[in-house]
Amino acid sequence: MAEQRQTTYGQVLQHQPQNYPTDAFRGMLPDHSPSKSQIIAVVTLFPIGGTLLLLSGLTLAGTLIGLAVATPLFVIFSPVLVPAAIVIALAVAGFLTSGAFGIIALSSLSWMANFLRKVGDTTAPEQMQQFKRRIQDTAGQIGQKTKETGQAIP
């Protein structure tokens with residue numbers, strides 16, 4: 001709501017109200033007061049949040065104290081701990097790799113069985129025989145290569 005004023009020269013000036021630093025903050029506030037349930041929620045959650053913040057600070061302090069106490073032990077026992085950690089990491093990696101290869105093998109066999117079932121249902125029997133011969137030829141070639149490689153090793 002701008003006020004209008006006329007100057008001595010007949011110009012009309014509009015007077016804008018001054019902007020205060022709190023005006024921007026007032027725009028963020030609701031126009032009505034908070035409800036009782038909102039007040040109860042704040043009164044209830046504020047101490048809970050403070051308590052949880054206190055517990056997180058105590059946990060951080062305890063962690064730092066424990067690390068300060070345990071660091072010399074880590075330095076003293078590092079010749080034992082480092083190889084043990086490496087062995088454990090390799091064992092975990094081996095188990096995970098083994099599981100991954102097993103899942104890949106099972107999914108490949110499942111896909112191949114479904115593919116052969118679909119091919120057998122949709123194609124003529126002579127095409128199926130040709131497909132089986134190709135698989136047998138490939139298996140024979142792999143077996144021959146395996147024999148040659150095995151004989152090459154002294």
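This report describes the fold, surface and confidence of one predicted protein chain.

Residues are numbered from 1 along each chain as its sequence is written. In this predicted model, local features need pLDDT of at least 70, side-chain atom pairs count only at pLDDT 80 or more, and totals for chains, interfaces and linings use all residues, while side-chain values use heavy atoms and leave out hydrogens and water.

**Fold.** The chain has four helices and two strands. Their order along the sequence is β-β-α-α-α-α. Helices are DSSP runs of H or I with at least four residues, strands are runs of E with at least two, and both are numbered from the N terminus.

**Annotated regions.** An unreviewed UniProt entry lists two stretches as "transmembrane region". Such annotations may be inferred rather than shown by experiment.

| Region | Helix | Strand | Distance between end C-alpha atoms |
|---|---|---|---|
| Residues 39-69 | 100% | 0% | 45 Å |
| Residues 81-109 | 100% | 0% | 42 Å |

**Surface.** Of the 154 residues, 2% count as buried (under 20% relative accessible area, 1.4 Å probe, protein chains only). The accessible surface (Shrake-Rupley method, 1.4 Å probe) is about 14100 Å². Carbon and sulfur atoms hold 69% of that surface.

Leu45 lies in helix H2, residues 36-76. Is Leu45 buried or exposed? Leu45 counts as exposed because its relative accessibility is 54%, and the cut-off for exposed is over 50%.

**Confidence.** The predictor's confidence in each residue, pLDDT, runs from 0 to 100. The chain's mean is 80, and 78% of its residues reach 70 or more. Confidence is highest in H2, at a mean of 87, and lowest in strand S1 (residues 3-6), at 58. Where pLDDT is low, the predicted coordinates should not be read in detail.
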